[in-house]
Amino acid sequence: MTWAGMGSSRVELFEAIRRDARREDAGVRELARRYGVHRRTVRQALASAVPPPRKTPVRAAPRLDPVKPLIDAMLREDLSAPRKQRHTARRVLARLVDEYGHVDMKYPTVRDYVARRRAEIAIEAGDPAVEAMVPQSHEPGAEAEVDFAELYVDLGPDAVRTKVFLFTLRLSYSGRAVHRVFATQAQEAFLEGHIHAFARLGGVPWDRIRYDNLKAAVSRVLFGRDREESTRWVVDPRLCAAIIDQLTFAGNILETGTTSYRLAHARSATAH
């Protein structure tokens with residue numbers, strides 16, 4: 001059985017070769033036979049206790065090589081683009097197919113290259129990005145996330161650069177998302193985005209919707225009985241009726257058996 005077959009590391013192999021050569025004055029041929037390695041490996045061990053790094057084989061990529069400059073150009077554009085408008089691997093693949101006709105490209109190939117080159121290009125530009133991943137788990141249909149992102153699009157025949165706002169509601173479990181573009185971030189757009197998303201999804205999350213990236217004014221409207229209301233965020237009763245109508249039409253109403261604080265408070269106020 002060779003040394004590698006015994007499950008030992010190359011560092012331990014080099015140490016053993018150097019020890020036997022020092023103690024027993026064994027020759028290169030004998031050490032190679034004893035440990036089942038090439039004589040070149042024995043000479044490397046005698047020259048240095050640290051094994052040389054393994055050479056990474058350079059594999060030909062006939063499909064990927066022609067598009068590497070195109071992908072690199074997209075990733076360099078991302079260095080100055082808003083974070084929400086940077087290329088994902090799927091977007092890169094879609095552009096390669098739609099704009100450049102590379103219909104034979106596969107997603108795993110593009111994904112792996114984008115993941116490696118994005119970090120390299122960032123380092124070349126003097127802006128190394130360090131990303132941390134935190135695993136999360138969500139129950140089906142329990143949670144959703146809402147965000148309003150600022151985007152710039154070219155509108156009209158003159159391609160006028162215009163600032164718009166993208167409303168996104170994304171289900172945390174499945175990743176399914178609904179998007180809608182608005183001209184402002186006003187309350188009407190915020191509520192209309194919810195109505196549109198709930199209608200497209202056929203219901204609402206049964207646990208919570210997260211609004212981590214929205215402004216404090218929006219959070220005051222959405223959470224808490226004792227909030228401070230801004231005149232910009234006053235709910236029109238007709239709009240509330242439209243929302244309730246849309247929710248009851250598109251969703252399923254479940255009787256939970258619990259007491260509603262707001263309903264009890266409203267009844268108490270009416271009685272007095």
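A strand, as I use the word here, is a DSSP run of E with at least two residues, numbered from the N terminus. This is a predicted model.

I will start with the strands. F148 lies in strand β1, residues 143-155. Is F148 buried or exposed? Its relative accessibility is 10%, and the cut-off for buried is under 20%, so F148 counts as buried.

Now the neighbours of β1. Strand β2 covers residues 160-171 and runs antiparallel to β1, with 12 bridges joining the two. Within β2, F148 has F167 as its bridge partner. F148 and L166 are 18 residues apart along the chain, yet their C-alpha atoms are separated by 5.5 Å. The two strands make a hairpin with 4 residues between them. In that turn, G156 has a positive phi of about 75 degrees.

β2 also pairs with strand β3, residues 177-182, again in the antiparallel sense, over 6 bridges. Here T168 stands opposite H179 of β3. This pair is a hairpin too, with 5 residues between the strands, and G175 in the turn has a positive phi of about 80 degrees.

Next, a helix. Which residues of α3, residues 39-47, are buried? They are T41, V42 and A45. Looking down the axis of α3, these buried residues fall within an arc of 100 degrees, so they line one face of the helix. In general, an α-helix has 3.6 residues a turn, so residues three or four places apart point the same way. The buried residues of α3 pack against α1, 10-24, and α2, 28-35. On the face turned away from the buried side, α3 carries the exposed residues R40 and A47.

Terms used. Residues numbered from 1 in each chain as written. Predicted model: local features only at pLDDT ≥ 70, side-chain atom pairs only at ≥ 80, totals over all residues. Heavy atoms only, no water. Buried < 20%, exposed > 50% of the residue type's maximum accessible area, 1.4 Å probe, protein only. Arc of directions from axis to C-beta. Contact = heavy atoms within 4.5 Å. Pairing = 2+ DSSP bridges.
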